[in-house]
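Colleague: I am new to this structure. Please take one part and walk me through it closely.

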Amino acid sequence: MPSCRTCHGHNLQCFLSLGRQPLANSFLSKEALAKPEPFYPLDVYFCSDCGLVQLVDVVSPEVLFRDYVYASSSSNTRRQHHARLAQEVFERFLAGKDSLVVDIGSNDGCLLQGFRPLGVRTLGVEPATNIARLAEAAGIETVNDFFSPALAQRLKEAKGGAHAITLTNVFAHIDDLDSLLTGVRTLLAERGVLVIEAPYLDDLLEGMLWDTIYHEHLSYFSVGPLIPLFRRFGMELFDVERTPIDGGAIRIFAGRAGESPPPTQRVGEMLALEKAKGLSSLATFQRFAARVQRSKEELRSLLGRLKAEGRRLAGYGAPAKGNTMLNYCQIGPETLDYIVDGAPLKQGLFTPGTHIPVVPPARMREERPDYMLLLAWNFKDEIMGRERWFQESGGKFIMPVPQVEVVA
Ligand code: ZN
């Protein structure tokens with residue numbers, strides 16, 4: 001019987017099924033198209049005991065994260081966001097000290113690059129071998145491994161305690177949170193701070209960001225379930241902030257109990273907001289699931305109508321979340337001729353499950369489709385700015401969230 005990832009209770013209710021889906025980042029080579037693809041259930045559960053929204057079907061991290069196709073630095077928006085985060089953490093917690101920052105799931109070193117000009121020692125921990133190499137090549141020392149209590153112990157002996165441990169877009173990927181927090185507690189220096197940035201459940205609901213649900217994202221966090229989780233490990237959540245990246249995220253600040261500053265007013269305010277929004281009530285999520293179903297019908301009906309009118313359609317951006325949307329809505333190459341994406345790691349490959357070719361953005365300039373489905377909606381401003389010519393020459397974007405909408 002599955003148990004809750006944060007409280008270990010057994011009162012889990014499935015409120016949304018996105019069907020059986022391939023792994024959202026498992027883009028396929030041309031040769032692989034002929035082979036069978038593994039599909040896994042993508043069902044979302046609510047814990048009636050602590051309120052954590054989560055997946056219970058866990059795909060092995062060795063399969064998901066040893067070879068990875070997403071490099072954080074490939075987006076300007078994310079690079080700038082990380083630089084600001086580094087600056088904030090430095091000013092609040094590290095200024096004037098000889099500090100060590102350890103970034104868990106450090107990807108290509110995007111966040112740690114932001115700490116370098118501040119004179120802070122940095123260390124990345126990144127399991128994806130191909131991505132860890134990119135970080136090393138950019139001069140960011142990186143341990144190519146999964147974070148664990150044993151690794152935390154070794155790092156502490158070799159480098160001393162960490163004054164800040166950061167996880168951005170990683171916390172939701174981790175199945176064994178007990179092991180993570182045991183390691184974090186070990187590695188932190190005295191009065192060290194844990195900084196987590198993760199997509200926020202309230203933003204997921206408000207923004208209808210249902211496509212951000214995929215197998216890598218095991219948990220959909222609100223503040224409520226985290227407080228008792230940290231307590232179990234002798235830690236205390238003392239501050240929380242909201243930030244607009246990726247459609248809406250929270251930054252959580254925690255430290256060892258007795259060493260961290262008193263909780264800010266914001267923590268209480270967020271808990272009150274979550275109560276008012278019904279984030280601890282199953283009915284809230286059942287209503288969300290019904291809206292997701294309607295979104296699917298609207299998107300399919302719009303694309304079907306445009307196709308029947310003879311319009312040429314393509315996709316913009318091949319993010320992992322796009323594959324949740326394409327697979328759930330059953331949109332394939334019969335509808336989208338191709339998807340353009342600027343990331344060289346994805347070009348020449350095909351989307352998992354739906355087999356749409358991913359091509360360089362130049363293709364869009366050559367073929368000038370009538371409509372582009374904006375799968376990478378989180379970089380909407382960046383993309384529409386870069387491709388202004390498209391709309392100026394009569395092209396239209398289709399925004400899939402929060403509601404299906406044509407943007408001329
Ligand atoms: Zn729970």
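Modeller: What follows is a close look at one helix, with a few other sites after it.

Keep in mind that this is a predicted model. The helix is α6, which covers residues 177-187. Begin just ahead of that stretch, with D176. A side-chain oxygen of D176 comes to within 3.3 Å of the backbone nitrogen of D178. This contact sits at the start of α6.

Now go along the helix. Which residues of α6 are buried? They are L177, D178, L180, L181, G183, V184 and L187. An α-helix has 3.6 residues a turn, so residues three or four places apart point the same way. What do the buried residues of α6 pack against? Their partners include two helices, α5 (149-159) and α8 (226-232). The strands β4 (100-104), β7 (162-168), β8 (188-199) and β10 (235-243) are partners too.

Take the helix α5 next. Two packed helices are described by the angle between their axes and the distance between the axes. For α5 and α6 the angle is about 10°, and the axes lie 8 Å apart. Angles under 35 degrees count as roughly parallel, so α5 is roughly parallel to α6. On the α5 side, P149, A152, Q153, L155 and K156 make the contact. On the α6 side, S179, T182, G183, T186 and L187 do so. G183 and L187 also appear among the buried residues of α6.

Step back to the loop between β7 and α6. N169 is in that loop. Its phi is near 55°, a positive value in a residue other than glycine. Most residues other than glycine have a negative phi, and most peptide bonds are trans. N169 has 28% relative accessibility, so it counts as partly exposed.

Another residue invites the same check. H355 is not a glycine, yet has a positive phi of about 60°. Its place is the loop between β13 (339-340) and β14 (358-359). H355 counts as partly exposed because its relative accessibility is 25%.

A peptide bond deserves a glance as well. The bond from V401 to P402 is cis, with omega near -5°. P402 lies in the loop between β16 (396-399) and β17 (405-407).

Last comes the metal site. C4, C7, C47 and C50 coordinate the zinc ion through their SG atoms, at 2.3 to 2.4 Å. The angles between the four donor atoms run from 105 to 114°, so the arrangement is tetrahedral. C4, in the segment before β1 (12-21), and C47, in strand β2 (residues 40-47), are 43 residues apart, and the pair links distant parts of the chain. Both C4 and C47 are buried.

Note on methods
Residues numbered from 1 in each chain as written. Predicted model: local features only at pLDDT ≥ 70, side-chain atom pairs only at ≥ 80, totals over all residues. Heavy atoms only, no water. Donors = N, O, S within 2.8 Å, 3.2 Å for Na, K, Ca; no water. Tetrahedral: all angles 85-135°; square planar, octahedral: opposite > 155°, others 65-115°. Helix = DSSP H or I, 4+ residues; strand = E, 2+ residues; numbered from the N terminus. Buried < 20%, exposed > 50% of the residue type's maximum accessible area, 1.4 Å probe, protein only. Contact = heavy atoms within 4.5 Å. Polar contact = N/O pair within 3.5 Å; in protein donor to acceptor, adjacent residues only side chain to side chain. Axes fitted to C-alpha atoms, helices over the stretch in contact; angles between N-to-C directions. Parallel < 35°, antiparallel > 145°, perpendicular 65-115°, else oblique.
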